[in-house]
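Let's take a walk through this model together, one stop at a time. Keep the viewer open and follow along.

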Amino acid sequence: MSGVKTAMKTKDSVTSTTIRSILSEVYAADKSAGSPVSSSAITAILRKGTLRRRDSAIQFISASRPDLAQKEHREADILAAFLPPLMSDVDIDRILNEVIAETTLDGDSRKILGQVYKIFYSRVDKSNVDANTVKRKAEALLLNI
């Protein structure tokens, strides 16, 4: 809310509109859940909004619309300022190694990978890690065993 107020005071319409759109998504999530959503859900909404804007910018560039792509990049940067940093690769590797050491490695590789993901995400908040990084690292660690 303070970001919206600051943007309104400085008459930055792009920033205030961008923050308001995310706030409306948060309010909609609150309403559908029946209670205020957790901070991890808000972080997930912010990450999704940032990713959506970056994807839109790529589409605008491919459609020869650099003006709209620049606008989408600016909005993504505004939202990225509100995001907490992602978990480092070192921490992901450490937790994955602990999880793999605890997991029984018998059976189908997909089932093993599913068990690893289940245990990993029970220890780590999904909004604090990049799912593609976790997937890539888990598959690489399981191949080396």
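Our first stop is Thr104, which touches Ile112 and Gln115 when residues up to four places away in sequence are left out. Do keep in mind, as we go, that this is a predicted model. Where does Thr104 sit? It is found in the loop between helix 5 and helix 6, the latter covering residues 109-123. Is Thr104 buried or exposed? Its relative accessibility is 53%, and because anything over 50% counts as exposed, Thr104 falls in the exposed class. For a sense of distance, pick Arg47 as a partner: 57 residues separate Thr104 and Arg47 along the chain, and their C-alpha atoms lie 33 Å apart.

Arg47 takes us to helix 3, where it is one of the buried residues. The others in that set are Thr43, Ile45, Leu46, Gly49, Thr50, Arg53 and Ala57. What covers them? The cover includes helix 2 and helix 4. You can also check the length of helix 3: its 24 residues should span 34 Å at 1.5 Å a residue, and the end C-alpha atoms are 35 Å apart, so the two values agree. Just after helix 3, have a look at Ser64, which takes a positive phi of about 60°.

Next comes helix 4, made of residues 66-80. Its 15 residues reach 20 Å from the first C-alpha to the last, close to the 21 Å expected at 1.5 Å a residue. Which residues of helix 4 are buried? They are Ala69, Glu72, Glu75, Ala76, Ile78 and Leu79, and they pack against helix 2 (13-33) and helix 3 (39-62). A general point helps when reading such lists: an α-helix has 3.6 residues a turn, so residues three or four places apart point the same way.

Finally, turn to helix 5 (residues 89-102) and helix 7 (residues 131-143), which pack at an angle of about 45° with their axes 10 Å apart. The two helices are therefore oblique to each other, and helix 5 passes helix 7 in a right-handed crossing. On the helix 5 side, the contact is made by Asp89, Ile92, Asp93, Leu96, Asn97 and Ile100. Helix 7 contributes Thr133, Val134, Lys137, Ala138, Leu141 and Leu142. How do these residues divide by class? The contact has 7 nonpolar, 2 polar and 3 charged residues.

Key:
Residues are numbered from 1 along each chain as its sequence is written. This is a predicted model: local features need pLDDT of at least 70, side-chain atom pairs count only at pLDDT 80 or more; totals for chains, interfaces and linings use all residues. Side-chain values use heavy atoms; hydrogens and water are left out. Axes are lines fitted to C-alpha atoms, for helices over the stretch in contact, and angles run from 0 to 180 degrees between N-to-C directions. Helices (H or I, at least four residues) and strands (E, at least two) are DSSP runs, numbered from the N terminus. Angles under 35 degrees count as roughly parallel, over 145 as roughly antiparallel, 65 to 115 as roughly perpendicular and the rest as oblique. A crossing is left-handed if the near helix is turned anticlockwise from the far one by less than a right angle, and right-handed if clockwise. Contact means heavy atoms within 4.5 Å. Ala, Val, Leu, Ile, Met, Phe, Trp, Tyr, Cys and Pro count as nonpolar, Asp, Glu, Lys and Arg as charged, and the others, Gly among them, as polar. The expected span of a helix is 1.5 Å times one less than its number of residues. Buried means under 20% relative accessible area, exposed over 50%, partly exposed in between (1.4 Å probe, protein chains only).
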